[in-house]
Amino acid sequence: MPSSAKLKLSAVKPLYGLTGEDVYRKLRLLDELKEAILSADGDPLNYEYFLGDEVNAAVILDAARTAAWGLFSIAADKTKLISRLVVVDQAENLPLQDWKVMSEYFSDPEPGTCLVFLINRKAKGWLAGKHFPKKYLRNFSPLKAKGLLTWSRNEARRKRISIPDDILEELIVAAGGSPGSIAGGLEKLYLYKEPDGDVTSDDVMEIVGTGRRDNIFDLTGLIVTKKTGTALALLKKLLDENEAPLKILALMTRAFRQLWLGLESWENKGDRRAACQAAGIWGDHSDFMDQLQRLKPGDIPIIYRRLVETDGALKGGEKLNSLTLERLVIELSAIGS
């Protein structure tokens with residue numbers, strides 16, 4: 001698989017705050033940082049990973065200030081290079097007081113360590129943002145229509161795939177507008193197509209397909225339109241077909257995020273086309289607009305809270321995944337009733 005230009009170690013910063021909801025693009029950057037920092041010796045002792053609700057400022061600062069393993073055995077002129085990586089995932093769970101404690105470190109971060117905070121929250125309105133230097137913040141909000149097409153075009157170019165924009169838009173729709181799914185679809189196409197061969201609509205249909213995304217969109221629509229019994233039947237069908245519970249949840253989250261983006265635009269502009277473009281919806285807009293207009297802005301925080309709670313339950317070892325998802329469908333269907 002062709003790879004993009006590697007991130008040079010000299011370009012790595014000592015501090016990153018990665019905000020926004022696009023987990024795939026955040027993790028892509030984290031992978032690049034890992035490769036740049038740790039590939040030289042691959043020593044696992046130079047990498048530490050924490051969860052925001054299981055750690056505090058003192059532990060984070062201690063890890064960041066710890067000298068890299070093997071540092072004193074390398075040449076003196078190399079000691080200024082970053083050779084240690086510390087990652088704090090779900091950093092939005094850190095209390096505000098911890099951010100205040102760390103603010104002094106942020107003004108003068110340890111030059112030999114790259115300290116990365118993965119913050120699953122919008123940069124705007126994030127209270128701890130005033131304690132975190134803006135020059136180290138990178139925002140990964142969900143890409144909208146034009147931005148998503150541009151990103152997908154660059155991703156296709158990175159993989160040396162020749163694909164016209166209209167066909168690329170079909171792939172975006174088939175992937176549910178998710179960068180991770182788009183990248184996966186392009187990888188399949190790269191393996192399937194002859195070098196430099198143009199991708200066709202039939203290729204997208206055969207290799208990527210649209211069934212799973214359409215089914216999840218149908219499931220979300222049934223929830224929003226309060227057709228709970230039918231939604232539960234569709235969920236059972238997906239599970240019986242061995243769809244992974246976390247994948248079902250991820251695509252549901254994406255579908256609700258599209259509704260959220262569309263609803264924000266609709267509330268501000270009252271324009272159907274603009275609402276669909278904001279959500280990255282192509283093709284027939286009628287079903288999407290019908291679902292969107294059944295939601296109220298106040299429903300969104302409740303929906304997201306339940307999606308996040310369900311994500312935690314599934315990742316936390318919940319054994320009855322089907323019951324967890326069934327409960328989610330019932331609870332989401334009841335919102336706004």
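User: What percentage of the 337 residues of the protein chain count as buried?

Analyst: In this predicted model, 45% of the 337 residues of the protein chain count as buried. The chain holds 14 helices and five strands.

User: How many contacts, as a percentage, join residues at least 24 apart in sequence?

Analyst: Among contacts in the protein chain between residues at least 6 apart in sequence, 76% join residues at least 24 apart.

User: Why is R25 called buried or exposed, and where does R25 lie?

Analyst: R25 lies in helix 1, residues 23-38. The relative accessible area of R25 is 13%. Buried means under 20%, so R25 is buried. The residues that R25 touches, leaving aside those up to four places away in sequence, are F140, S141, L143, W151 and P179.

User: What makes the approach of the R25 side chain to the backbone oxygen of S141 a polar contact?

Analyst: The side chain of R25 reaches the backbone oxygen of S141 at 2.6 Å. The cut-off for a pair of N or O atoms is 3.5 Å, and the value for R25 and S141 lies within that limit.

User: How do you know that the buried residues of helix 2 line one face?

Analyst: The buried residues of helix 2, which spans residues 57-65, are A57, I60, L61, A63 and A64. Seen down the axis of helix 2, these residues fall within an arc of 160°, so they line one face of the helix. A general point helps here: an α-helix has 3.6 residues a turn, so residues three or four places apart point the same way.

User: Which exposed residues does the other face of helix 2 carry, and what covers the buried residues?

Analyst: The face turned away from the buried side of helix 2 carries the exposed residues A58 and D62. The cover over the buried residues of helix 2 includes strand 2 (47-51), strand 3 (84-89), helix 3 (96-107) and strand 4 (113-118). At the start of helix 2, a side-chain oxygen of N56 reaches to within 3.2 Å of the backbone nitrogen of A58.

User: How do you know that the length of helix 14 agrees with what is expected of its 14 residues?

Analyst: At 1.5 Å a residue, helix 14 should span 20 Å. The end C-alpha atoms of helix 14 are 20 Å apart, so the two values agree.

User: Which residues of helix 14 are buried, and what puts them on the same side?

Analyst: T324, L325, L328, V329, L332 and S333 are buried in helix 14. They cover an arc of only 165° around the axis, and therefore lie on the same side of helix 14. Helix 14 is followed by G336, whose phi is positive, near 85°.

User: Which residues touch the most other members of the largest nonpolar core?

Analyst: The largest nonpolar core has 34 residues, of which L219, I223, M252, F256, F288 and L332 touch the most other members. Among the elements that give two or more residues to this core are helix 8 (211-224), helix 10 (245-269) and helix 14 (321-334). Helix 10 gives the most, with seven residues. A second, separate core of 23 residues includes L15, V55, V88 and F106.

User: Why are C114 and C276 called buried, and how many disulfides does the structure hold?

Analyst: The cut-off for buried is under 20% relative accessible area. C114 has 0%, so C114 is buried. C276 has 1% and therefore also counts as buried. The structure holds zero disulfides.

User: What makes the phi of R160 and of K226 worth noting?

Analyst: Most residues other than glycine have a negative phi. R160 has a positive phi of about 60° although it is not a glycine, and K226 has a positive phi of about 65° although it is not a glycine. R160 lies in the loop between helix 4 (145-158) and helix 5 (165-174), whereas K226 is found in the loop between helix 8 and helix 9.

User: Why does K226 count as partly exposed, and what are R160 and L127 called?

Analyst: Exposed means over 50%, and partly exposed lies between that and the 20% cut-off for buried. K226 has 37%, so K226 counts as partly exposed. R160, with 62%, is therefore exposed. L127, with 65%, is exposed as well. L127 is found in the loop between strand 4 and strand 5 (137-139).

Technical notes. Residues are numbered from 1 along each chain as its sequence is written. This is a predicted model: local features need pLDDT of at least 70, side-chain atom pairs count only at pLDDT 80 or more; totals for chains, interfaces and linings use all residues. Side-chain values use heavy atoms; hydrogens and water are left out. Buried means under 20% relative accessible area, exposed over 50%, partly exposed in between (1.4 Å probe, protein chains only). Helices (H or I, at least four residues) and strands (E, at least two) are DSSP runs, numbered from the N terminus. The arc is that of the directions from the helix axis to the C-beta atoms. Contact means heavy atoms within 4.5 Å. A polar contact is a pair of N or O atoms within 3.5 Å; within protein, one must be able to donate a hydrogen and the other to accept it, and residues adjacent in sequence count only if both atoms are side-chain atoms. A nonpolar core is a set of buried Ala, Val, Leu, Ile, Met, Phe, Trp, Tyr and Cys residues joined through side-chain atoms within 4.5 Å. The expected span of a helix is 1.5 Å times one less than its number of residues. A disulfide is a pair of cysteine sulfur atoms within 2.5 Å.
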